[in-house]
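Please work through the exercises below with the sequence and the model at hand. Each task is followed by a solution in steps.

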Amino acid sequence: MQPQQPPQASATAPAGVPTSGSVIAPATAATRRTLDVAVVQFDPYTDKDANLALLRAQVREAAEHGARVVIAPEYSMFAVKRLDERVVAAAEPLTGPYVTGLRGLAAEFGVHVVAGVVEAPGAIERADGESGKVYNTLVAAAPDAEFAAVYRKVHLYDAFGFLESDTVLPGPIAEPATFTADGVVFGLQTCFDLRFPEGCRRVAAAGAQVLALPAQWIPGPGKVDQWTTLLRARAIENTVYVAAADHAAPRGAGASMIVDPAGLVLAELGEAPGIATARVDLEHLDAIRAANPSLTLRRFTVTPLD
């Protein structure tokens, strides 16, 4: 889906919405080899304007601390504990006011911003009788207010007594959604996708050096331990940095964190709103991949089931 975008006050209107970014060429001596990334943890609820204002304050603070990429949670636009008709009513197209505001934040503070939105389906989906459902979408907005990447969640949260598929359409199986910031390649996955290693492997195989993972990780017995274990496992097995942004309590488990390619937790939060920052160092990434060339040594590829 390639909607035309409305004019922006801070930048010229982009040509369209990408489904994925491009993989950079190998770094040269002149290529920037480090980048500071932030994960922001807050507690969005049902007031979209208030949610955007909360996010703006955190993006500003993260930028002031030197972050070049700021990753916010899944459902940053509109959040409830259980999905229902309120989410459908709140959905907007990617040309709507919330995403326009999100792109404005990226331009205002000169950073890439990744955040989860509730996207209204297009004409094709409505014609197929899916007008009562939405997409759970990640938008990566660039500092020039362009769309850097768009990803619609593939694995829906039909587990632990929840049925996300009652309200949300699964995203299409497409090329991995990636974007490049200051010479570092970021790949996108969302929340429940974390439990499917093949999806994260596709992103790493597409060239991602950092896995950006917005989430609304619903709290419950053992859930924080599972979250931490899976984040570190995805980092280790794919030799990538992982930057995961969760909701604060009570609608999320918290524990947003940044993990290095060897599984070391570089920065983490508790249950309360906050910001965690860490440095992505491609020299360190290269060293990890030289010592443990698991991407090079793999003997299997990933193919979709349908």
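The exercises that follow concern backbone geometry and exposure in a predicted model.

**Exercise 1.** Determine which residues the cis peptide bond at P250 joins, and locate P250 in the fold.

*Solution.* Begin with the bond itself: A249 and P250 are joined by a cis peptide bond, with omega at about 10 degrees. Next, place the proline: P250 lies in the loop between β10 (241-245) and β11 (257-259).

**Exercise 2.** For A255, state the sign of phi and decide whether the residue is buried or exposed.

*Solution.* First, phi of A255 is positive, about 60 degrees, although the residue is not a glycine. Second, A255 is found in the loop between β10 and β11. Third, the relative accessibility of A255 is 9%. Buried means under 20%, and A255 therefore counts as buried.

**Exercise 3.** Carry out the corresponding analysis for D182.

*Solution.* Phi of D182 is near 50 degrees, a positive value in a residue other than glycine. The position of D182 is in the loop between β7 (178-181) and β8 (184-188). Because its relative accessibility is 24%, D182 counts as partly exposed.

**Exercise 4.** Locate A57, classify its exposure, and give the separation between its C-alpha atom and that of L105.

*Solution.* A57 belongs to helix α1 (residues 48-64). With a relative accessibility of 32%, A57 counts as partly exposed. Along the chain, A57 and L105 are 48 residues apart, and their C-alpha atoms are separated by 9.8 Å.

Definitions and conventions:
Residues are numbered from 1 along each chain as its sequence is written. This is a predicted model: local features need pLDDT of at least 70, side-chain atom pairs count only at pLDDT 80 or more; totals for chains, interfaces and linings use all residues. Side-chain values use heavy atoms; hydrogens and water are left out. Helices (H or I, at least four residues) and strands (E, at least two) are DSSP runs, numbered from the N terminus. Buried means under 20% relative accessible area, exposed over 50%, partly exposed in between (1.4 Å probe, protein chains only).
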